[in-house]
Amino acid sequence: MIYLYVGIGGFIGASLRYLVGVLLTGPDQWFPYSTLAVNLSGSFILAWFTIGLVERYALSAEWKAALGTGLVGSYTTFSTLSMDAVLLYERGDLFLSSLYVFISIGGGLVLSLLGFHFGKRRNAAC
């Protein structure tokens, strides 16, 4: 039964990811903005979900799997990040490729900390 929850969350997360890709796709595709946006926002959302919702409301294993593995897991994408970095490198943009990886990982860590902070703050206020 938990697979159904993961599948529903995955459907929603993948649809959101596709929507962000459509919204952030411009005529000049020199930088993977949409992948960066979903990975950074997903880092924040996962930490916030984990602290702000899952712990506060003691969600069931099904809901944890639906939100974490399904929704956020299908919304974010490490494989696309890796492929985009390789494509930038192959194009000769070593600096841009390195900057992209640095922003993705460093920014993801910072936004996870922010999500953790806001999740704890939300729990303390309630």
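**Reading a five-helix model**

The mean positions of the 7 positive and 6 negative charges of the chain lie 18 Å apart.

Biologist: What kind of model is this, and how many helices and strands does the chain have?

Modeller: The model is predicted. The secondary structure of the chain comes to five helices and zero strands, and along the sequence the pattern reads α-α-α-α-α. Taken along the principal axes, the C-alpha atoms fill a box of roughly 50 × 30 × 20 Å.

Biologist: Of the contacts between residues at least 6 apart in sequence, what percentage join residues at least 24 apart?

Modeller: The figure for this chain is 79%. As for burial, 33% of the 126 residues are buried.

Biologist: What share of the exposed area do carbon and sulfur atoms supply?

Modeller: The chain exposes about 7,700 Å², and carbon and sulfur atoms supply 72% of that area. Part of the surface is a nonpolar patch of about 1,100 Å², whose members include Met-1, Leu-4, Phe-11, Trp-30 and Tyr-33.

Biologist: Which helix gives the largest share of the nonpolar patch?

Modeller: Helix α1, residues 2-23, contributes seven residues, the largest share. Trp-30, also a patch member, sits in the loop between α1 and α2 (33-57).

Biologist: Why does Trp-30 count as partly exposed?

Modeller: The class runs from 20% to 50% relative accessible area. Trp-30 has 38% relative accessibility, so Trp-30 counts as partly exposed.

Biologist: Is Asn-39 buried or exposed?

Modeller: The cut-off for buried is under 20% relative accessible area. Asn-39 has 10%, and is therefore buried. This residue is placed in helix α2.

Biologist: With which residues is Asn-39 in contact, leaving aside neighbours within four places in sequence?

Modeller: Asn-39 is in contact with Thr-76, Thr-77, Phe-78 and Leu-81.

Biologist: How should charged side chains be read, and how many salt bridges does the count come to?

Modeller: Side chains of opposite charge can pair when their charged atoms come close. Here the cut-off is a nitrogen to carboxyl oxygen distance within 4 Å, and the count comes to one salt bridge. Arg-91 and Asp-93 form a salt bridge through their side chains, at 2.7 Å from N to O.

Biologist: What is the relative accessibility of Arg-91, and what is that of Asp-93?

Modeller: Arg-91 has 45% and counts as partly exposed. Asp-93, at 27%, also counts as partly exposed.

Technical notes. Residues are numbered from 1 along each chain as its sequence is written. This is a predicted model: local features need pLDDT of at least 70, side-chain atom pairs count only at pLDDT 80 or more; totals for chains, interfaces and linings use all residues. Side-chain values use heavy atoms; hydrogens and water are left out. Helices (H or I, at least four residues) and strands (E, at least two) are DSSP runs, numbered from the N terminus. Buried means under 20% relative accessible area, exposed over 50%, partly exposed in between (1.4 Å probe, protein chains only). Contact means heavy atoms within 4.5 Å. Accessible areas come from the Shrake-Rupley method with a 1.4 Å probe; for residues, only the protein chains shown count as cover. Lys and Arg count as positive and Asp and Glu as negative; His and the chain ends are not counted. The place of a charge is taken as NZ of Lys, CZ of Arg, CG of Asp or CD of Glu. Patches are made of residues with over 30% relative accessible area and no salt bridge: like charges are joined within 9 Å, nonpolar side chains (Val, Leu, Ile, Met, Phe, Trp, Tyr) within 5 Å.
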